[in-house]
Amino acid sequence: MSTLLYVDFPYPGPWGEDMAIAMKELAQSISQEPGLIWKLWTENQEQSKAGGVYLFSDKASAQAYLDMHSKRLNSVGITGIDARFFDVNPALSEINAGPLSGN
């Protein structure tokens with residue numbers, strides 16, 4: 001069963017297009033993570049938070065990514081990481097056009 005990982009954390013910026021430019025290499029690296037199907041990047045400038053919603057092929061891959069990502073964030077002084085795992089119900093998600101694959 002696929003696993004959805006939700007992550008957010010305090011983030012001072014940059015935002016929008018500046019964030020896209022600054023994080024392009026990181027995004028390319030993340031796309032190579034084992035078990036990753038897709039990631040949606042999230043940002044909320046008003047609350048100074050950023051993060052993402054990820055779909056992984058399994059919980060072990062999601063957990064391994066979160067462990068690595070948390071260490072990376074901590075290494076640049078980011079703490080207060082909120083992470084949550086959810087199992088995905090594919091039958092109901094398909095009815096509502098949920099993106100269940102990387103296509």
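In which helix is A64 found? I started my notes with that one, and the answer is helix α3. A reminder to myself before going on: I am reading a predicted model.

**Entry 1: A64**

I looked up how open this residue is. A64 has 48% relative accessibility and counts as partly exposed, because that class runs between 20% and 50%. Next I checked its distance to E33. The two residues sit 31 apart in sequence, and I get 9.5 Å between the C-alpha of A64 and that of E33.

**Entry 2: the whole chain**

I then stepped back to the fold. I count 4 helices and 4 strands in the protein chain. Read from the N terminus, the order of elements is β-α-α-β-β-α-β-α. The radius of gyration is 14 Å, close to the 13 Å that the globule rule gives for 103 residues, so the chain is as compact as a globular protein of that length. For the extent of the C-alpha trace along its principal axes, I noted about 40 × 25 × 25 Å.

Contacts came next. I took those between residues at least 6 apart in sequence, and 65% of them join residues at least 24 apart.

On the surface side, I have about 6500 Å² of accessible area for the protein chain, and carbon and sulfur atoms account for 55% of it. Of the 103 residues, 28% count as buried.

**Entry 3: S2**

Is S2 buried or exposed? I found 18% relative accessibility for S2, which counts as buried because the cut-off is under 20%. S2 lies in the segment before β1, the strand that covers 3-10. I also listed what S2 touches, leaving out residues up to four places away in sequence: L55, F56 and S57, then F86, D87 and V88.

**Entry 4: the largest pocket**

How much space lies in the largest pocket? My note says about 190 Å³. There are 17 residues in its lining, and those nearest the centre are F9, M23, L26, H69 and L73.

I sorted the lining by residue class and got 12 nonpolar, 3 polar and 2 charged. Then I asked myself which element gives the most to this lining. That is β3, with 4 residues. The elements that each supply at least two lining residues are α2 (24-30), β2 (36-44), β3 (49-56) and α3 (59-75). Helix α3 brings me back to where I began, since A64 is found there.

Key. Residues are numbered from 1 along each chain as its sequence is written. This is a predicted model: local features need pLDDT of at least 70, side-chain atom pairs count only at pLDDT 80 or more; totals for chains, interfaces and linings use all residues. Side-chain values use heavy atoms; hydrogens and water are left out. On a 1 Å grid over the protein atoms alone, a cavity is a set of points where a 1.4 Å probe fits but cannot get out, and a pocket is an open set with protein on both sides within 12 Å along at least five of seven lines; lining residues have an atom within 4 Å of a point. Grid points are joined across faces, edges and corners, and a volume is the space filled by probe spheres set on the points. Ala, Val, Leu, Ile, Met, Phe, Trp, Tyr, Cys and Pro count as nonpolar, Asp, Glu, Lys and Arg as charged, and the others, Gly among them, as polar. The radius of gyration is taken over C-alpha atoms; the globule rule is 2.2 Å times the number of residues to the power 0.38. Buried means under 20% relative accessible area, exposed over 50%, partly exposed in between (1.4 Å probe, protein chains only). Contact means heavy atoms within 4.5 Å. Accessible areas come from the Shrake-Rupley method with a 1.4 Å probe; for residues, only the protein chains shown count as cover.
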